Amino acid sequence: MLKELKIPLFDLVSCLSNAMDMVNPLLVDHHKQVAYIAFRIARELGFSQEQQQELVLAGFLHDIGALSSAEKLQALHFEFDNPQKHAELGYLLLKMHKPFSSISLIIRYHHTPWQNGKGTEYNGHPVPFGSHILYLADRVAISVDRRREILDQVSGIMDKITSKTGELFPAELVDALKSLADKEYFWCDVTSNNIGPIINRVATLPIIEQGVIDLLSLARVFAHIIDFRSRFTATHSSGVAATATALARFAMFNERECDMMTVAGYLHDLGKLAVPAEVLEKPGKLTDEEYNLMRHHTYLTYRALQTINGLETINNWASFHHERINGNGYPFHQTGEELPLGSRIMAVADVFTAITEDRPYRKGMSDQSAIHVLQQMADGYAIDANVVTLLREHFDDINNARKTAQAASKEEYEHFMSASNT
Ligand SMILES: [Fe+2]
Ligand SMILES: [Fe+2]
Ligand SMILES: [Fe+2]
């Protein structure tokens, strides 16, 4: 149904990597730098274009399983304890999207040292050679001191890497890196503020004609990455997507629009990737500063999705979910007439899902109280009264759709958490 949406895969994945790196200034562009270095090494070694592209995507996404800011920052150390946990979780998340199955394997082993060849296996599983490229690229990227001139650092970085040849990295990869390292442009690209467009130009990723299944399944992976950072939000985006889609169906949206609504629901809280998980998990009231940080999230969703060509309508439906009919929402303070019906549906779906969920500081509301709160908000011209009426009229259908989706996500969440802890 969404076939005619032509979405550049590069835009989608780079948007996700941007959002992940927004959580801390030390991380800005980290995923892109790793993608770039891995790509250059693969090209240096004469890998096929397809393999090069896989490494770019794996670089963009490699620490996707590091859910908290503490874990993300830990991953900036040259060596650290238990790196396998985030690698395993990243693998489990990405393998759900079929076209990413080989990328997910590269990511699964992106912290496996070479150990003079023993690193071709991990716990009896074969380790893709791409994982070793990613491991090296990651170690190079984190060795760069962002406050200092890059060309002053080249020999220091190369000494450090070379001293680990055989132990951490295959000699063949270190040699490929050495020949790249002689050329200044390589280091200038790595540290360029423009690294996104540079990768886009040199690595030419295919524009994917997104069949509906593809975009839905990829967006669902995004939703898990957003939601699984805290057990309190673990099923939120799935619940919002299911509620919004059911509402859209009763509002006579066609099949294609309903699918677009599902994608919008999955992505609506994308900007929350920039909020430290520690804030999402905080028991008790947020400080003013934390609250304000949280309020950035819809703005960030909007600007992130805006970088993806072909996603304009989905973006409007996703990103205006904290706008209010009376103009008292945020961040654009749009009013009723300006807000498309899709956005008004999303706002109702978001509130309804949020208030029925448990939070660190309160229990989820009963169905009755939830309807009461929504009606009060509609009476105060905060949310669309017609959409609330639709919800009341079809309450059981819509609520069941929400519950089923959230139960499925809860099961997946628990499976991921137990698998990544073993
Ligand atoms: Fe990592
Ligand atoms: Fe939100
Ligand atoms: Fe939300």
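I looked first for the largest nonpolar core, meaning a set of buried Ala, Val, Leu, Ile, Met, Phe, Trp, Tyr and Cys residues joined through C-beta atoms within 7 Å, and found that it has 119 residues, with Ala38, Phe222, Leu247 and Val348 having the most contacts inside it. This core draws at least three residues from each of domain 1 (7–208) and domain 2 (212–420), bounds that come from an automatic or database domain assignment.

I note that this is a predicted model, in which local features need pLDDT of at least 70 and side-chain atom pairs count only at pLDDT 80 or more, while totals for chains, interfaces and linings use all residues. Residues are numbered from 1 along each chain as its sequence is written, and chains are lettered from A and ligands numbered from 1 in the order in which they are written.

I then looked up phenylalanine 222, which, leaving aside neighbours within four places in sequence, is in contact (C-beta atoms, placed from the backbone, within 7 Å) with Leu16, Tyr266, Leu267 and Leu270.

I turned next to helix H7, residues 129–143, where helices are DSSP runs of H or I with at least four residues, numbered from the N terminus. Of its 15 residues 12 are buried (20 or more other C-beta atoms within 10 Å of a residue's own, placed from the backbone), so H7 is largely enclosed by the rest of the structure. The cover over its buried residues includes helices H2 (30–44), H3 (49–61), H6 (101–108), H8 (154–162) and H9 (171–181).

Last, I checked asparagine 399 in helix H22 (residues 395–420), which counts as partly exposed (between buried and exposed, the latter being 12 or fewer) because it has 19 C-beta neighbours inside 10 Å.

Key: Helices (H or I, at least four residues) and strands (E, at least two) are DSSP runs, numbered from the N terminus. The expected span of a helix is 1.5 Å times one less than its number of residues. Two residues are in contact if their C-beta atoms, placed from the backbone, lie within 7 Å.
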